[in-house]
Amino acid sequence: MTARSPFALAGLTCLALGWTAPAFAACEGYVPEARPQNASRDIVGQDLDTILARDLITFAAYENFPPWSYLQDGQPAGVDIEIGQLIADTLGVKARFDLLPAGETVEADLRNYIWQGPPTGGTVNNVMLHVPYDVNFACRVDQVVFTGQYAKESIAIAYNKADYPDDPPVPAYFRYDTVGVENDTIADFYLASIGNGMLIPKIAHYPTVALAMQGMADGEVMAVAGPRAQLQAGLTEAGDLHQPPLPGLSVGTWTIGLAVHTRYRYLGYAVDDAIRAALIDGRIAAIFAAHGLTFDAPLR
């Protein structure tokens with residue numbers, strides 16, 4: 001995740017900042033783009049029967065993305081990895097996790113890792129983890145099925161308790177106080193848009209939220225704005241976080257789910273059933289609790 005958070009896609013950012021088009025029914029008026037050349041003949045990936053027969057399901061996950069997916073002692077670890085393992089266990093097959101870099105857009109990631117394959121080397125995966133769901137985005141990217149919604153994420157503010165002993169900071173404080181953000185993310189664009197850019201001099205940019213949180217621990221900034229789970233993963237005893245009102249932010253909460261190739265609907269049904277069962281019996285909530293994270297169930 002050295003270049004871009006998976007939530008820096010243009011569509012979600014525009015929605016979050018309130019730059020919306022007129023409201024329509026889902027996909028109303030949307031005209032699909034022309035299909036990529038030869039895509040109808042170049043079928044990639046495996047259907048559910050093939051996955052069961054070969055006893056292996058493969059997952060694409062973002063690299064260097066704590067607490068969701070990262071390497072720990074040389075092995076994939078994190079919330080998304082455990083959710084992928086839960087799906088594999090439900091299907092009764094082995095799991096392989098490929099930790100992959102984020103591209104310029106989520107569309108590019110889905111194209112490279114799910115339905116077409118990367119331009120050079122590599123292969124597609126059966127399931128992509130940690131895909132943000134938005135109905136307009138889903139209409140635009142019809143080469144994949146968005147399914148298995150397993151949690152909600154939201155924007156929060158982490159802060160050093162010594163810097164704010166009385167009241168936690170709200171965005172207006174950052175006209176005078178320093179705040180860290182990951183480059184080109186919702187939190188970055190939101191804070192930079194307040195008051196015609198009046199907060200920009202106090203915004204410090206970092207390649208990742210984890211590095212921003214380390215900067216806060218080292219005293220480089222007084223606070224960090226970003227997705228709540230990533231902030232929680234980087235908190236020390238000297239810090240805390242809260243979720244104050246964020247005026248002008250239309251979408252401060254979004255749903256996280258999975259993506260599969262649109263040709264493999266039965267695989268999509270199977271992984272969705274596995275997620276649904278784990279939400280009902282509390283296994284997904286338990287995964288979040290084990291990582292010290294707040295869990296918000298998705299609206300299904």
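Start with the largest nonpolar core of this predicted model. It holds 72 residues. Select Ile-57, Leu-110, Met-128, Tyr-150, Leu-191 and Leu-267, the members that touch the most others. Then color strand 6, residues 144-160. This strand gives the core its largest share, 8 residues.

Zoom in on Ile-57. Leaving aside residues up to four places away in sequence, its contacts are Ile-51, Ala-88, Leu-91, Val-93, Lys-94, Ala-95, Arg-96, Asn-126, Val-127 and Leu-267. Another core lies apart from the largest one. For this set of 11 residues, select members including Ala-156, Val-209, Val-224 and Leu-241.

Next, select helix 3, residues 79-91. Its end C-alpha atoms are 19 Å apart. That agrees with the 18 Å expected, because 13 residues at 1.5 Å a residue should span that length. Show the buried side chains and backbone positions: Val-79, Asp-80, Ile-81, Ile-83, Gly-84, Leu-86, Ile-87, Ala-88 and Leu-91. Step just past the helix to Gly-92, where phi is positive, about 75°.

Move on to helix 10, residues 283-290. Which of its residues are buried? Ile-284, Ile-287 and Phe-288 are. These residues cover an arc of only 95° around the axis, so they sit on the same side of helix 10. Now turn to the face pointing away from that buried side: Ala-289 and Ala-290 are exposed there.

To see what covers the buried residues of helix 10, display helix 3, strand 6 and helix 9 (265-280), which are among the covering elements. Finish at Gly-292, just after helix 10, with a positive phi of about 70°.

Conventions: Residues numbered from 1 in each chain as written. Predicted model: local features only at pLDDT ≥ 70, side-chain atom pairs only at ≥ 80, totals over all residues. Heavy atoms only, no water. Core = buried A, V, L, I, M, F, W, Y, C linked by side-chain atoms within 4.5 Å. Buried < 20%, exposed > 50% of the residue type's maximum accessible area, 1.4 Å probe, protein only. Helix = DSSP H or I, 4+ residues; strand = E, 2+ residues; numbered from the N terminus. Contact = heavy atoms within 4.5 Å. Expected span 1.5 Å × (residues − 1). Arc of directions from axis to C-beta.
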